[in-house]
Amino acid sequence: MRRARERFRIGGIAFACLLSALTTGCSSGPGGDDSASALMDAVGHISTAGAQGAQVSYLDAARVRSLEKGGSQRFRAVGQAGSPLLTGYRFNAHAYGLDPAMIDTDVTNGYAGRWQGSFDAGRVTAKLKAGGFARRAWHGETVWAKDGITLQVAKDEISFGYAGKDLSAVRPAKGKSVADDPDYRALGDCLGDVYRVDFGGRNPKDPVRLSATGQLAKSAKQTSGVICALTDGKRTAERAAERLKSVIHQRAPRFDGAKVTVLTGDSPGVKVTVPDRPGDKRAGRLLISDIDLQLALSRL
């Protein structure tokens, strides 16, 4: 039971340097990586209030589709949009004219989110109406609501709230988005060229106050996982790095090739990158199976 509880607690961390610079790590200072900018642009649609107590996830679905050209199956576990709107039993996305292949980027805080892509807004709204969704006005926007689900549909964007939530979490006021938060920006710089990120829930009182697990891919066959964690100070960051190195040594050869870096600057922390093994059929093992490093951080 204890291990199960720890798995639940660190689920988010199990959710800028370029990939070529991973061997030297990075600091937690400002970065200019275009991919980090894309990540921050996406999480800029999640409010900091909406992120409290929730796991924020980001997926560059268009990039995954590009990596999967040629029939690769390596990204099926971590390359699918995982929003509750697609996985919940109360909403049949295909029946309403929605296909995951239409989604280019997906960002969610667990019960609300935003898709960017190419959608047939007229067809989708017609099917929502036929399916019993009621048209309503919400803060000047037209939304569709039914059974605790709220949707706002446009040709290039769909926003949603689930489990009785409206769109407040994905309509942040100026300066109140996750992208405006220094901790999230520091993690974005640390993670680098990721196609997926799962941020854990933040707890300022913990030694590790915020962390994230990201997925990297230089090609369909050259993939890695990266964990970035912000700590309550430099000493904790150094202790976290030693703990991670100890686990890597003890579990050899499971984490062979892993690199651990202490983050410096205004946001102390630690970073560890782990290449997926050549024989792995699936990418994303730090998120879906090999969670020993996250456990090490949760026990600081």
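What do the buried residues of α6 pack against? They sit against two strands, β5 (141-146) and β6 (149-153). Before going further, a word on the ground rules: this is a predicted model, in which local features need pLDDT of at least 70 and side-chain atom pairs count only at pLDDT 80 or more, while totals for chains, interfaces and linings use all residues. Residues are numbered from 1 along each chain as its sequence is written, and side-chain values use heavy atoms, with hydrogens and water left out.

Back to helix α6 (residues 121-130), whose buried residues are A121, V124, T125 and L128. Buried here means under 20% relative accessible area, with exposed being over 50% and partly exposed in between (1.4 Å probe, protein chains only). Helices (H or I, at least four residues) and strands (E, at least two) are DSSP runs, numbered from the N terminus. The four buried residues of α6 cover an arc of only 95° around the axis, so they end up on the same side of the helix; the arc is that of the directions from the helix axis to the C-beta atoms. Just after α6 comes G132, with a positive phi of about 95°.

Next, the cysteines. There is one disulfide in the structure, a disulfide being a pair of cysteine sulfur atoms within 2.5 Å. The partners are C190 and C228, with their sulfur atoms 2.0 Å apart. C190 belongs to helix α7 (residues 182-191) and C228 to strand β10 (residues 223-231), so the pair ties together parts that are 38 residues apart in sequence. The link is left-handed, with -80° about the S-S bond. C190 counts as buried, at 0% relative accessibility, and C228 is buried too, with a relative accessible area of 0%.

Helix α7 turns up again in the largest nonpolar core, which has 32 residues; L39, V43, V56, L191, V197 and F199 touch the most other members. A nonpolar core is a set of buried Ala, Val, Leu, Ile, Met, Phe, Trp, Tyr and Cys residues joined through side-chain atoms within 4.5 Å. At least two residues of this core come from each of α2 (34-43), α7, β8 (194-199), β9 (208-217) and β10, and α7 gives the largest share, five residues. Leaving aside residues up to four places away in sequence, L191 touches L39, V197, F199, A212, G214, L216, V226 and C228, where contact means heavy atoms within 4.5 Å. Apart from this core lies another, of 31 residues, including V78, I158, F160 and A283.

A283 itself lies in the loop between β12 (269-275) and α9 (285-288), and is buried, with a relative accessible area of 1%. Among the residues A283 touches are F75 and Y195.

Those two also form an aromatic pair, and six such pairs are found in the whole structure. Rings of Phe, Tyr and Trp (its six-membered ring) pair if their centres lie within 6.5 Å; planes under 30 degrees apart count as stacked, over 60 as edge-to-face and the rest as tilted. The F75 and Y195 rings have their centres 5.6 Å apart and their planes at 80°, so the pair is edge-to-face. Both F75 and Y195 are buried. For F91 and Y96, the centres are 4.9 Å apart and the planes at 15°, so this pair is stacked. F91 and Y96 join F133 in one aromatic cluster.
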